[in-house]
Amino acid sequence: MKILFIGNSHTYMNDMPEITRQMIEDATGKSCEVFMLAYSGRSLKWHMGEEYFSERFNILHGGYDYCVIQEQAHPMTDEADTITYASRIIELCHEAGTVPVIFETWAEKVKPENQTEMNRRYQELSKNQNVLLAPVGEVWSRVLGELADKKDADLYYKDGEHASALGDYLVAMVITKTITGELPSETFLKSFDFTFPDTKWFPVKEKVEDEVVTIDPEFADIIRKSIN
């Protein structure tokens, strides 16, 4: 299986596509490759404008089975733009025989009221385009409630916008379930945190072994039950 991720920092944070790859292999027992076109703060409009030729080439000639499409989230872009440019990516996917997957994002920590609108947009987009939806935002909201009284169980990175290692574990698990219909084994408790404490993302950890973290089994179980 080959998967292309298109998005921004909500895709590349903590090397999330790699965790997804490992989860898919754990869940299915089959090999998986992941590739990424993700740039900080960029929208799908930017991807299909400034980076159009990279997007086009990768989708049409990459031989991907799935393409995970993530729109700018904080702030949300104009809905008409999301529909227009997501549709163009979906058209390229159909041309290439690739299955599009809409990545439903999550609201900022201080603006949870935005989640309802996010959910509506992505649900309608996936329904109208007849494509898969990875309901990350919906699962995120449910898990937030379950983890509210748990110490050291924050889905958010310290900026209140991006995902923590636990948050990206959730993201990867939702995408895994959306694509394969399966969840990784209960013993899969691995995630990545590529950030250094008390710094921003630059520099980030250069060695993969330095970013590996273990998810608390209790928290992992809460996420699993919120997806099933």
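This passage describes the packing of several helices in a predicted model, together with the surroundings of two single residues.

Helix 7 comprises the 12 residues 136-147, which at 1.5 Å a residue should span 16 Å, and the distance of 16 Å between its end C-alpha atoms agrees with that expectation. Within helix 7, the buried residues are V136, G137, V139, W140, V143 and L147. When helix 7 is viewed down its axis, these buried residues fall within an arc of 155°, so they line one face of the helix. An α-helix has 3.6 residues a turn, so residues three or four places apart point the same way. The elements against which the buried residues of helix 7 pack are strand 4 (99-103), strand 5 (132-134), helix 6 (114-129), helix 8 (165-180) and helix 10 (217-227).

Helix 8 also takes part in two helix pairs, and two packed helices are described by the angle between their axes and the distance between the axes. In the pair formed with helix 2 (residues 16-28), the axes lie 9 Å apart and the packing angle is about 50°; helix 2 and helix 8 are therefore oblique to each other. The crossing of these two helices is right-handed. On the side of helix 2, the residues that meet helix 8 are M16, I19, T20, M23, I24, A27 and T28, and their counterparts in helix 8 are D168, Y169, V171, A172, M173, I175, T176 and T180.

In the pair formed with helix 10, the axes of helix 8 and helix 10 come within 10 Å and cross at roughly 35°, and this crossing, too, is right-handed. Helix 8 contributes L166, Y169, L170, M173, V174 and K177 to the contact, while helix 10 contributes F219, A220, I223, R224 and I227.

Two single residues may be considered in turn. T20, which lies in helix 2, has a relative accessibility of 0% and therefore counts as buried, the cut-off for burial being under 20%. Apart from neighbours within four places in sequence, the residues in contact with T20 are F5, A172, I175 and T176; A172, I175 and T176 are also among the residues of helix 8 that meet helix 2.

P75, by contrast, is placed in the loop between strand 3 (66-70) and helix 5 (79-96). With a relative accessibility of 55%, P75 counts as exposed, since the cut-off for that class is over 50%. Although P75 and A107 are separated by 32 residues in sequence, their C-alpha atoms are 9.1 Å apart in space.

Key
Residues numbered from 1 in each chain as written. Predicted model: local features only at pLDDT ≥ 70, side-chain atom pairs only at ≥ 80, totals over all residues. Heavy atoms only, no water. Helix = DSSP H or I, 4+ residues; strand = E, 2+ residues; numbered from the N terminus. Expected span 1.5 Å × (residues − 1). Buried < 20%, exposed > 50% of the residue type's maximum accessible area, 1.4 Å probe, protein only. Arc of directions from axis to C-beta. Contact = heavy atoms within 4.5 Å. Axes fitted to C-alpha atoms, helices over the stretch in contact; angles between N-to-C directions. Parallel < 35°, antiparallel > 145°, perpendicular 65-115°, else oblique. Left-handed = near helix turned anticlockwise from the far one by under 90°.
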